[in-house]
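Dear colleague,

I am writing to hand over the structure discussed for your review. Please find it directly below, followed by an account of what was found in it.

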Amino acid sequence: MNATTLTVAVETLDAGAIEAAIPALTEILRDCVVNGASVGFMDWNTLADYERFWRDVAAGVASRQVTLFVARTAGGLVGTAQLHLIGKPNQPHRAEIAKVLVHSRARRQGIGEALMRHAEAAARDMGRNLLVLDTDEHGAARRLYNRLGWTEVGTIPRFALMPGGADCGSTFFYKDLR
Ligand SMILES: CC(C)(COP(=O)(O)OP(=O)(O)OC[C@H]1O[C@@H](n2cnc3c(N)ncnc32)[C@H](O)[C@@H]1OP(=O)(O)O)[C@@H](O)C(=O)NCCC(=O)NCCS
């Protein structure tokens, strides 16, 4: 992929479109895990596990608890991100960003940033003006979120595991969109 000619569009997928996109979404998730991202899965997880995950996301989209964004280039889907609406009656203003994933062949071209900017704008449009997320303390995403003006709250050691089984601290962030 040539960075000088890259055109990327960020779109929102409905549940039916997610079903159709499961092979591409599964490949993005598989690629992130095998390349060492701590995103909820271990290196022994199978394609069936990833496909089941995306079907659950489609169900969340169908029930309007989740919004799924994808980044598309001429070559197909290369990235994705999610917005989870907090359903509690006392938190109607809050949402969580999750599973910001860019395929390793498409990284460092601004796609992660484009997904984040799109997700933030969508949250604002839905009246969700306090966003939270967490990420691997040593991952590239931590720099991305800092660059986009998110506030670090702190890091919890041993919060999760890396795909190979090592401990992974998670850094928690928030962004007030008001
Ligand atoms: C984190 C992640 C989503 C970032 O995606 P990305 O598309 O590479 O993000 P960006 O391109 O916007 O920014 C990444 C870097 O590329 C740089 N960059 C952006 N456009 C560039 C360009 N045209 N030329 C050169 N560098 C560029 C950015 O400055 C940034 O640099 P830094 O890491 O040194 O700060 C991606 O690395 C990923 O999927 N990681 C694995 C999954 C993961 O951990 N996700 C987070 C879960 S919370």
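Please note that this is a predicted model. I begin with the surroundings of the ligand.

The shell around the ligand comprises 21 residues, of which R107, R108, G112, E113 and A141 come nearest. By class, eleven of the shell residues are nonpolar, five are polar and five are charged. Four elements each supply at least two residues of this shell: the strands β4 (94-102) and β5 (130-136), and the helices α3 (111-125) and α4 (140-147). The largest share, four residues, comes from α4.

I turn next to the interior. In soluble globular proteins, nonpolar side chains tend to be buried together. Here, the largest nonpolar core has 39 residues, and the members that touch the most others are I18, L68, L115 and A119. Helix α1 (residues 15-34) gives this core its largest share, seven residues. As for I18, once its neighbours within four places in sequence are left aside, its contacts are L13, W54, V57, A58, V61 and L68.

Several of those contacts lead to helix α2, whose buried residues are W54, V57, A58 and V61. Seen down the axis of α2, these buried residues fall within an arc of 105°, and therefore they line one face of the helix. That face packs against α1, β2 (66-73) and β3 (76-85). On the other side of α2, A48 and D56 are exposed. The helix has 16 residues and reaches 23 Å from its first C-alpha to its last, close to the 22 Å expected at 1.5 Å a residue. Just after α2, R64 takes a positive phi of about 65°.

Finally, I would draw your attention to V39, which lies in the loop between α1 and α2 (47-62). Is V39 buried or exposed? V39 has 19 other C-beta atoms within 10 Å; because a buried residue needs 20 or more and an exposed one has 12 or fewer, V39 counts as partly exposed. Leaving aside its neighbours within four places in sequence, V39 is in contact with C32, V33, K99 and L101. By C-alpha positions, V39 and R178 are 29 Å apart in space, and they are 139 residues apart in sequence.

Yours sincerely

Terms used. Residues numbered from 1 in each chain as written. Predicted model: local features only at pLDDT ≥ 70, side-chain atom pairs only at ≥ 80, totals over all residues. Near = placed C-beta within 6 Å. Nonpolar A, V, L, I, M, F, W, Y, C, P; charged D, E, K, R; others polar. Core = buried A, V, L, I, M, F, W, Y, C linked by C-beta atoms within 7 Å. Contact = placed C-beta atoms within 7 Å. Expected span 1.5 Å × (residues − 1). Arc of directions from axis to C-beta.
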